[in-house]
Amino acid sequence: MRLSKFVVTAAVAVAIGAAAFTSIAQDVVITPDPALSTLTVEQMVAKRQELMKLNGATLKAAGSLTGAEAVAAADTLISNFSSYTVLFPEGSGAGTDAKPEIWQNYEAFQGLLTQGVVAATAMKAAAEAGDADAYGASMKTIGGLCGQCHQQFRA
Ligand code: HEC
């Protein structure tokens, strides 16, 4: 399994002012905790399921957070999406809800994770700026990505 540390350029819609939207290119560096790569496959499965649950709790709570707590929630999502890039090694699907389609379309799967990091990074920037509209919009984007990936890749 490779340790992925890669730079991706993705277009992020950022709210400027009240209503105008513009698209900017943003570099995202995905750096999963190197310790994750030393886990056994069994431990990786347990870890990804634990972090998915944390995702659910974090996203649910994030809507009512502001300031440093909102920034921390975004950091958790960035960290989790980054961790998933190494927690779905080939052959780790048996007995779990991870569909074989993940490894048949691994680039698409990783692409959704990249989009998750991009959206959570935008969420963090909005939290730091105290921009409630942009914060809410990026949370919505993230929620859409959860659903999209589950529909395609989760049993
Ligand atoms: C790129 C794909 C992808 C994205 C994005 C994603 N998930 Fe998942 N999720 C999965 C897969 C695959 C599983 C099944 C994992 C397994 O069974 O080992 C899963 C499982 C889960 C589970 C069940 C965990 C358990 O076993 O108890 C929850 C809860 C969950 N995801 C929440 C979320 C939330 C909330 C988000 C968005 C913030 C999200 N996920 C984003 C692919 C994704």
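The expected span of a helix is taken here as 1.5 Å times one less than its number of residues. Helix α4 of this predicted model puts that rule to use. The helix covers residues 106-129, and its 24 residues should therefore span 34 Å at 1.5 Å a residue. The C-alpha atoms at its two ends turn out to be 35 Å apart, in agreement with that expectation. Right after α4 comes Gly130, whose phi is positive, at about 70°.

Stepping back to the whole chain, the protein contains two strands and five helices. Read from the N terminus, the order is β-β-α-α-α-α-α, with the strands ahead of the helices. The protein has 155 residues, and 28% of them count as buried. As for contacts, if one takes those between residues at least 6 apart in sequence, 69% link residues at least 24 apart.

Then there is the ligand. Its surroundings are made up of 22 residues, of which Met52, Thr96, Asp97, Cys146 and Cys149 come nearest. Two or more residues of this shell are supplied by each of α1 (41-62), α4 and α5 (132-153). Helix α1 gives the largest share, with eight residues. By chemical character, the shell around the ligand splits into twelve nonpolar residues, six polar ones and four charged ones. Helix α4 thus shows up twice in this account: once for its end-to-end span, which agrees with expectation, and once as one of the elements giving two or more residues to the ligand shell.

How values were computed:
Residues are numbered from 1 along each chain as its sequence is written. This is a predicted model: local features need pLDDT of at least 70, side-chain atom pairs count only at pLDDT 80 or more; totals for chains, interfaces and linings use all residues. Helices (H or I, at least four residues) and strands (E, at least two) are DSSP runs, numbered from the N terminus. A residue is near a molecule or strand if its C-beta atom, placed from the backbone, lies within 6 Å of it. Ala, Val, Leu, Ile, Met, Phe, Trp, Tyr, Cys and Pro count as nonpolar, Asp, Glu, Lys and Arg as charged, and the others, Gly among them, as polar. A residue is buried if 20 or more other C-beta atoms lie within 10 Å of its own, exposed if 12 or fewer, and partly exposed in between; C-beta atoms are placed from the backbone. Two residues are in contact if their C-beta atoms, placed from the backbone, lie within 7 Å.
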